[in-house]
Amino acid sequence: DGTKLWERKIGQVDGVATEVPWDIAEAGDGSLYVATDGGGWNVVKTTPEGEPVWIREWLPEWDDVVDYDPPLQICGTVNGGCVVAGGIGRGPDDDNYDSMVAATRFGPDAGLIWQRAAAVEPTDVQVIDVTIDDAVCVASNPGDYFRVDRFAPDSNIIQMDINLLEDNQGLEYYGGIYTDAVRLSDGGYVVSVSGAGGKRFDSEGNIVWNTIIDIVDSIYHRGKSVALGGKGYVATVGKIKRKATRPGWMVVMDIDDGRVESVHHFRDVDDGDKYRKAQQVVPTEDGFAVSGLQGRDRGTSTSLWVGGVSVEQDNTPDLVPTLAGLGAVGAGGWAVKKWRSDDEAEDDGSSSGWHDRIS
């Protein structure tokens, strides 16, 4: 219902700054892990209530790392530990190094279990997903490629290395931090790429389906986040760059064949916000929750918004052109909006349910 459970602001742990949080994950014992970039690249463990327990350097055994490629990605283990992964450069200096995908596994007591790396051709490597089964699978987006490295107890193998420009339906590709991936139970992946929609690969890297749609006439759509939900659905979110506006979108697809189940266009007309960029999506019991940034006019504050959407609701009729002339920066409050599939949309284009803004 939008009630805040708790909030923690952690400036330092044991005297070490924790300025930029890259990723957060829950471990099997309920503890939380946060990958940070502040006074070094570190991992912070907290209690389930967010109280710091310990902090460790991400790569404690390597002293020849000269470059880092954000973001860090983290995954909790069943026994209360974690695995953190990211892109790095290892070598003698900034002008002479090998680009790598690196991963470190910590136990629940901060003990180092192992630390591994695999060489990558491009020098710009964004790690976008980390999962654990009998091995650690690290998905990354080096250059124009989607890659999966599998770190097993006794070996490292490249599971996938796929050119994302293939079968892109004529759309220009925007990689790096504009790509996300979710691993499926069969070892395959669904990837969010350019265009509203996504691509599904099997465990061998073959394309199962490729769904890309145009929501409105725009310069381009940038996919940001992807999540696997219940009832056989997968959702991707992103934003549209249409002149100076950045309205967000979400596309819900059938996991088996990529068929579009519903499309949601996040444009708040009742409060007058000209854009709502969709940045992150996660599954809920009956649909998906989305978060992003919103703003009104050039020079006004930008706020954080969070919304829940049922997969049965399709607000495609609300896909109308947005106004130009937007470019807001600054700090603000946050807004929450929830839609229910049994509610009717109001005449002004807003959705019923509940909606609140907290300054």
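Contact here means heavy atoms within 4.5 Å. The structure shown in every view is a predicted model.

**View 1. Val84 and its surroundings in the largest nonpolar core.** Leaving aside neighbours within four places in sequence, Val84 is in contact with Ala35, Val43, Trp58, Leu72, Gln73, Ile74, Ala102, Ala103, Thr104 and Phe106. The largest nonpolar core has 20 residues, and those touching the most other members are Tyr33, Val43, Trp58, Leu59, Ile74, Val84 and Ile88. Two or more residues are contributed to this core by each of the elements β4, β5, β7, β8 and β9 (96-106).

**View 2. Asp69, a buried acidic residue in strand β7**. Asp69 has no salt bridge although it is buried, and the nearest side chain of opposite charge, that of Arg147, is 12 Å away. A polar atom of the Asp69 side chain lies 3.3 Å from the backbone nitrogen of Val125. Apart from residues up to four places away in sequence, Asp69 touches Gly87, Ile88, Ser99, Thr123, Asp124 and Val125.

**View 3. The salt bridge between Asp29 and Lys45**. The closest N and O atoms of this pair are 3.9 Å apart. The two residues link distant parts of the chain, 16 residues apart: Asp29 belongs to the loop between β3 (20-26) and β4 (32-38), and Lys45 to strand β5 (residues 40-46). Asp29 counts as partly exposed, since its relative accessibility is 42%. Lys45, by contrast, has a relative accessible area of 7% and is therefore buried, the limit being under 20%.

**View 4. The salt bridge between Arg90 and Asp64**. The side chains meet with an N to O distance of 3.0 Å. This pair also links distant parts of the chain, 26 residues apart, with Arg90 in strand β8 (residues 82-93) and Asp64 in the loop between β6 (52-57) and β7 (65-76). Asp64 is partly exposed, at a relative accessible area of 26%.

**View 5. The salt bridge between Glu7 and Lys4**. The closest N and O atoms of Glu7 and Lys4 are 2.9 Å apart. Glu7 has a relative accessible area of 43% and is partly exposed. For Lys4 the value is 52%, so this residue counts as exposed, the limit being over 50%. Side chains of opposite charge can pair when their charged atoms come close. Over the whole structure, a search finds 13 salt bridges.

**View 6. A salt-bridge network and the buried residue Val136**. Asp133, Asp134, Arg150 and Arg183 are linked in a network of salt bridges. Val136 is placed in strand β12 (residues 136-142) and is buried, at 2% relative accessibility. With neighbours within four places in sequence set aside, Val136 is in contact with Val83, Trp114, Val130, Thr131, Asp149, Arg150 and Phe151. Arg150 thus appears both among these contacts and in the network. Val136 and Cys75 are 61 residues apart in sequence, while their C-alpha atoms are 9.6 Å apart in space.

**View 7. Confidence along the protein chain.** The mean pLDDT of the protein chain is 78, and 75% of its residues reach 70 or more. Confidence is highest in β6, at a mean of 95, and lowest in strand β26 (residues 334-338), at a mean of 34. The pLDDT is below 50 over residues 314-359, a stretch that has 127 contacts in the model beyond near neighbours in sequence.

Terms used: Residues numbered from 1 in each chain as written. Predicted model: local features only at pLDDT ≥ 70, side-chain atom pairs only at ≥ 80, totals over all residues. Heavy atoms only, no water. Salt bridge = Lys/Arg side-chain N within 4 Å of Asp/Glu carboxyl O. Buried < 20%, exposed > 50% of the residue type's maximum accessible area, 1.4 Å probe, protein only. Helix = DSSP H or I, 4+ residues; strand = E, 2+ residues; numbered from the N terminus. pLDDT = per-residue confidence, 0-100. Core = buried A, V, L, I, M, F, W, Y, C linked by side-chain atoms within 4.5 Å. Lys, Arg positive; Asp, Glu negative; His and termini not counted. Polar contact = N/O pair within 3.5 Å; in protein donor to acceptor, adjacent residues only side chain to side chain.
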